[in-house]
Amino acid sequence: MKTISKKHILCVALGALLVLFMPFVLSACKKETYYTVTFDADNGTTNVTEQVEENKKVTEPTAPTKEGYTFAGWYKAETRWNFETDVVLEDLTLKAHWIEIYTVTFEADNGTDPVDVEVAEGNVVHAPSEDPTKEGYNFLGWFDAYSYE
């Protein structure tokens, strides 16, 4: 009968441990991949960049501002970026999407100050909540200055 030496048992035990723990050692040594996410505010300010680990979410920056516009989100091409679910898989640029704001002025022609109402492009303009009054006249409605006769 052949006896097994302590050296042989030690070698087998070390080999088994090596096989068991090798995946952990290799994954711990794996170098993470980072990508650059550029936020293009499209408002004349410097772009903001962030380094993000592959397959991770990017943090949404503070919403930019632009005179005469409302900020409507960050877009990758034509698709709005969802900061809750979208993950970074490559270098990318997210561009600010803007909706133009128009000012509509309601002039009552009764001695009161005009009322300005801001409305986003594509939305309906809502007239002031109270109709103006002028002694001796009936209010017929609001008219575009170009079509009023």
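# A walk through the model

Buried residues make up 16% of the 149 residues in this protein, where buried means under 20% relative accessible area, exposed means over 50%, and partly exposed is in between (1.4 Å probe, protein chains only). You're looking at a predicted model, in which local features need pLDDT of at least 70 and side-chain atom pairs count only at pLDDT 80 or more, while totals for chains, interfaces and linings use all residues. Residues are numbered from 1 along each chain as its sequence is written, and side-chain values use heavy atoms, with hydrogens and water left out.

**Stop 1: the whole chain**

Switch on the cartoon view. You should find one helix and six strands, and from the N terminus they run α-β-β-β-β-β-β. Helices (H or I, at least four residues) and strands (E, at least two) are DSSP runs, numbered from the N terminus.

Now turn on the surface. The protein exposes about 12,300 Å², and carbon and sulfur atoms supply 54% of that; the areas come from the Shrake-Rupley method with a 1.4 Å probe, and for residues only the protein chains shown count as cover.

**Stop 2: strand β1 and its partners**

Select β1 (34-40). Which way does β2 run beside β1, parallel or antiparallel? The two are antiparallel, with six bridges joining them. Tyrosine 34 stands opposite glutamate 53 in β2. Then add β5 (92-106): four bridges join β1 to β5, and this pair runs parallel. (Two strands pair if DSSP finds at least two bridges between them.)

For a close-up, pick threonine 38, which is in strand β1. Its bridge partner in β5 is threonine 93. Threonine 38 is buried, at 16% relative accessible area. Not counting residues up to four places away in sequence, threonine 38 touches Asn47, Val48, Thr49, Leu92, Thr93 and Leu94; contact means heavy atoms within 4.5 Å.

**Stop 3: the nonpolar core**

Next, show Val37, Val58, Val88 and Leu94 as spheres. Of the 14 residues in the largest nonpolar core, these four touch the most other members. (A nonpolar core is a set of buried Ala, Val, Leu, Ile, Met, Phe, Trp, Tyr and Cys residues joined through side-chain atoms within 4.5 Å.) The elements giving two or more residues to this core are β1 and β5, and the largest share, four residues, comes from β5.

Zoom in on valine 58. Leaving aside neighbours within four places in sequence, valine 58 is in contact with Val37, Phe39, Glu50, Val52, Trp81, Phe83 and Val88.

**Stop 4: the salt bridges**

Side chains of opposite charge can pair when their charged atoms come close. How many salt bridges does the structure hold? There are three, a salt bridge being a side-chain nitrogen of Lys or Arg within 4 Å of a carboxyl oxygen of Asp or Glu.

- Select lysine 66 and aspartate 42: their closest N and O atoms are 3.7 Å apart. Lysine 66 is in the loop between β2 (48-53) and β3 (69-76), and aspartate 42 is in the loop between β1 and β2, 24 residues apart.
- Move to lysine 76 and glutamate 90, where the closest N and O atoms are 3.0 Å apart. Lysine 76 sits in strand β3 and glutamate 90 in the loop between β4 (79-80) and β5, 14 residues apart.
- Finish with lysine 134 and aspartate 109, whose closest N and O atoms are 3.6 Å apart. Lysine 134 lies in the segment after β6 (115-120) and aspartate 109 in the loop between β5 and β6, so this pair ties together parts that are 25 residues apart in sequence. Lysine 134 is partly exposed, at 36% relative accessible area, while aspartate 109 is exposed, at 61%.

**Stop 5: the aromatic rings**

Colour Phe, Tyr and Trp. The structure holds six aromatic pairs. Rings (for Trp, the six-membered ring) pair if their centres lie within 6.5 Å; planes under 30 degrees apart count as stacked, over 60 as edge-to-face and the rest as tilted.

Phenylalanine 106 and tryptophan 142 are edge-to-face, 4.9 Å centre to centre with 75 degrees between the planes. Phenylalanine 106 lies in strand β5 and tryptophan 142 in the segment after β6, so the pair ties together parts that are 36 residues apart in sequence. Phenylalanine 106 is buried, at 9% relative accessible area, and tryptophan 142 is partly exposed, at 29%. Tryptophan 142 also pairs edge-to-face with phenylalanine 139, at 5.3 Å and 70 degrees.

For your last selection, take Phe39, Phe71, Trp74, Phe83 and Trp98, which form one aromatic cluster.
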